[in-house]
Amino acid sequence: GAVAAQYCDNVDKEGRFPSEAVRAMKEARLLSAFIPREFGGEGADLAEIAEVVSIISQACASAGMTYAMHQIKVSSLISHGDKAEWHQDFMRRICSDQLLVASATTEGGIGGNLRNSICAVERKGDRFTLVKDGTCISYGGDADAILITARSAPDAPPSDQVMAVLT
């Protein structure tokens, strides 16, 4: 909170990413606070994360929002990927490297319905491609990874979504 407060006026005046506050979050290992201990995190509960969001937000709204959005994406990994080895390893990597995670869930043409996608994952062996008309990726240029929602295949219905992680 102290670091966020120190740079808040400059962040607001310049309309820039709160890089100093995020650097302090990384140094304090806050980016992995929500991740279960078994994957290298602190195992914080939602109330504890909300308290950290509140403290940071009172100092700098931009830094607080960045932290909150990161934790929302981490919660998706925890909820949907805790059984998959790749996702478990990625959670461990968030912990060890203090990766900042952004989101590409919004998409032009879906009318705001985040449970539908137009774009689709196209698999080729162990690789995939997708083209998404992402209308907004908050702090995408400063993120270490981006979670993207897409249809599971080109012929899948709009609600048959998968979550892809791109570093």
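The following exchange considers a predicted model, taking up its core, a glutamine, two cysteines and a sheet.

Reader: In the largest nonpolar core, which residues have the most contacts inside it?

Author: The largest nonpolar core of this predicted model has 40 residues, and among the elements that each supply at least two of them are helix 1 (2-14), helix 2 (19-27) and strand 4 (145-151). The largest share, six residues, comes from helix 4. The residues with the most contacts inside this core are Met25 and Tyr67.

Reader: Leaving aside neighbours within four places in sequence, with which residues is tyrosine 67 in contact?

Author: Contact is taken here as heavy atoms within 4.5 Å, and neighbours of tyrosine 67 within four places in sequence are left aside. On that basis, the partners of tyrosine 67 are Met25, Leu30, Leu31, Ala33, Ile49, Val52, Val53 and Ile56.

Reader: Is glutamine 71 buried or exposed?

Author: Glutamine 71 has its place in helix 4 (residues 61-81), and, not counting residues up to four places away in sequence, it touches Leu30, Leu31, Phe34 and Ile49. Because its relative accessibility is 3%, glutamine 71 counts as buried.

Reader: Which backbone oxygen lies 3.2 Å from a polar atom of the side chain of glutamine 71?

Author: A polar contact requires a pair of N or O atoms within 3.5 Å, and a polar atom of the glutamine 71 side chain has a backbone oxygen 3.2 Å away. That backbone oxygen belongs to leucine 30.

Reader: How many disulfides does a search of the whole structure find?

Author: The sulfur of cysteine 8 has that of cysteine 60 as its nearest cysteine sulfur, 3.8 Å away, whereas a disulfide is defined by sulfur atoms within 2.5 Å, so this pair does not qualify. Cysteine 60 is likewise in no disulfide. Cysteine 8 counts as buried because its relative accessibility is 12%, and cysteine 60 counts as buried because its value is 1%. Over the whole structure, the number of disulfides found is zero.

Reader: In the open sheet formed by three strands, which are the edge strands?

Author: The strands of this open sheet follow the order 1-4-5, with mixed pairing, and neighbouring strands are turned by 25 degrees against each other on average, direction ignored. An edge strand here pairs on one side only, and the edge strands are strand 1 and strand 5 (161-166).

Reader: Which residue in strand 5 is the bridge partner of arginine 151?

Author: Strand 4 and strand 5 run antiparallel and are joined by six bridges. In strand 5, the residue that partners arginine 151 is glutamine 161.

Definitions and conventions:
Residues numbered from 1 in each chain as written. Predicted model: local features only at pLDDT ≥ 70, side-chain atom pairs only at ≥ 80, totals over all residues. Heavy atoms only, no water. Helix = DSSP H or I, 4+ residues; strand = E, 2+ residues; numbered from the N terminus. Buried < 20%, exposed > 50% of the residue type's maximum accessible area, 1.4 Å probe, protein only. Polar contact = N/O pair within 3.5 Å; in protein donor to acceptor, adjacent residues only side chain to side chain. Core = buried A, V, L, I, M, F, W, Y, C linked by side-chain atoms within 4.5 Å. Pairing = 2+ DSSP bridges. Axes fitted to C-alpha atoms, helices over the stretch in contact; angles between N-to-C directions.
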